[in-house]
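Subject: A structure to look through

Dear colleague,

I am handing over a structure for you to read alongside this message. Please open it first, and then follow the notes below at your own pace.

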Amino acid sequence: MKDIYILGIESSCDETSMSIVKNGREVLSNVISSQIDIHKIYGGVVPEIASRKHIDNINYVFDEAMKKSKMSIWDIDGIAVTYGPGLVGALLVGLSYAKALSLSSNKKLIAVNHIEGHIAANYITSKELKPPFLALIVSGGHTNLVLVEDYLKFKIYGSTRDDAVGESFDKVARSLGLSYPGGPKIEEKAQFGEKDKYIFPRANIKEAPFDFSFSGLKSSVINTINSLKQNYISENKLYNKTVKDVILDNQSICDISKAFQDSIIDTLVSKTVELANHLDIKNVAICGGVSANKTICKALSDELNKSDKKLFCPEFKYCTDNAAMIASAGYFRYLHKDFADMSINADANLKFEGN
Ligand code: KG4
Ligand code: ZN
C-alpha cells in the first residue's frame, strides 16, 4: 500500500503547531510554538492575544515543519486541521491557513475534532494499539470516558458535569499562588506533601456513575486555602490585610496539592477501572494534557494491572496540544475519504459525539 503523508495543523488554544505524520503513526516533524510565557503574565490564556500570536507564528511553524521532515507541500496527501472545540479566534487562524493551503495546492482538507486528536496521540506512541479500547480523556477543557470501538467510532460513557480535570488543576494552582499552567506545578508540590494532612471530597453521581464532577472539590480546596490564610491574618493581627495579600507557606502548599491530586486520582482511577471491568475491555488509553501527570498514570496503570488490564499513555510531548496527534487522527479520516470543503467553519463548542 502507498504511504500516506498528512500535514497536521493545531491552533485551538495557546500552541501553534504543525506536524507531518506518515501512515498515522510515524512522526517526521512536530513543531510547537508555545505562547505559555505570554499568557502566564495574566494567569491564564487571553483569547485575543492567542489569536494574534498564532498569526505571528504560523508561517514560521509551517516552514520549520516542512524543513524538519525534508518534504514539500507536493509530497503531502492531505491537510488535517483542528476545527473545534477551542477558542474561536485561535481556531480560525489554523483553519484559514489549512483552507488556503488546500486550495492552492489542491490537497484534500480533513477537519479534525481536537478530542479525537488527543485519543490519536496514543497511536503514535504505541504502534500496537488498535481499537477497541477505553479512552480516558483528561485535558484543560474535557474529561470523558469513551469507548473507542473503531478508529472513527466512539461511544461516550462519561463526561464532566462542570469543571474539567485540567481546569480544576489550573484553578486550584492559581489559588495556591502557583503560575499557569497549574497542573505540572501541583504535581511537583504534591511530591513533598504529607499524606492525608487534608482530605477533600470525591464526587459520585448516583444516576450516572461514569460522569465526573470537580467543582465541589475545587470549592472545598479553595475554602481550605482561604481559612488557612484567614487564620494567619488573625494570629498575626494583620487586620488591614485580606486573603489576597497572604501567600501560604510552602509545606501547606505541598500538603494541599497532594490532598487535591489524591482526590482526583481516586476519582479517575475508580471510575475508569469500574468501566473497563463493566465493558470487559483489556486496553485503556489515557490522553490530554493531564496525562502528562506521571503520578496519575502510575496509579491508574497499577490498578488496571491488578485485573490484568493495560494502560497506554502518550509520550510526554504528545500529551499536551500538538499537531502530530491531529495528523494521526486525520490519517484515519483520510482512509475513510472523510474530506471537508471550503464551507467548513471553526466551531468553538464542537461536541465530541460518537459516530
Ligand atoms: O490538552 P491540553 O494541552 O489542552 C486542552 O486541550 O485543554 O491540556 C492542558 C491542561 C492544563 O489544564 C494543564 O494544567 C494540564 O493540562 N496539565 C497537567 C499536567 N501537565 C499539563 N495537569 C496535571 N498534571 C500535569 N503534569
Ligand atoms: Zn488539548
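Is Asp 249 buried, partly exposed or exposed? Before answering, please keep in mind that this is a predicted model, and that every value below is computed from it. Asp 249 has a relative accessible area of 43%, and because buried means under 20% and exposed means over 50%, Asp 249 counts as partly exposed.

As for where to find this residue, Asp 249 is in the loop between α7, which covers residues 215-235, and α8, which covers residues 250-279. The side chain of Asp 249 makes a polar contact of 2.6 Å with the side chain of Ser 252. Asp 249 can also be set beside Lys 229, since the two are 20 residues apart in sequence, while their C-alpha atoms are 9.8 Å apart in space.

Ser 69 is a useful second case to work through. This residue lies in helix α2, which is made of residues 47-69, and its relative accessibility is 10%. Because the cut-off for buried is under 20%, Ser 69 counts as buried. Its side chain reaches the backbone oxygen of Met 66 at a distance of 3.0 Å.

The remaining notes concern the ligand. Ligand 1 sits in the largest pocket, where 20 residues surround it, the closest being His 118, Gly 140, Asp 170, Glu 187 and Gly 289. If you sort the residues of this shell by character, you will find 5 nonpolar, 12 polar and 3 charged ones. Three helices, namely α4 (114-125), α5 (165-175) and α6 (182-190), each supply at least two residues of the shell, and the largest share, 4 residues, comes from α6.

Which side-chain atoms lie at short range from the oxygen and nitrogen atoms of the ligand?

Notes:
Residues are numbered from 1 along each chain as its sequence is written. Chains are lettered from A and ligands numbered from 1 in the order in which they are written. This is a predicted model: local features need pLDDT of at least 70, side-chain atom pairs count only at pLDDT 80 or more; totals for chains, interfaces and linings use all residues. Side-chain values use heavy atoms; hydrogens and water are left out. A residue is near a molecule or strand if one of its heavy atoms lies within 4 Å of it. On a 1 Å grid over the protein atoms alone, a cavity is a set of points where a 1.4 Å probe fits but cannot get out, and a pocket is an open set with protein on both sides within 12 Å along at least five of seven lines; lining residues have an atom within 4 Å of a point. A molecule sits in a cavity or pocket if more than half of its atoms lie within 2 Å of its grid points. Ala, Val, Leu, Ile, Met, Phe, Trp, Tyr, Cys and Pro count as nonpolar, Asp, Glu, Lys and Arg as charged, and the others, Gly among them, as polar. Buried means under 20% relative accessible area, exposed over 50%, partly exposed in between (1.4 Å probe, protein chains only). A polar contact is a pair of N or O atoms within 3.5 Å; within protein, one must be able to donate a hydrogen and the other to accept it, and residues adjacent in sequence count only if both atoms are side-chain atoms.
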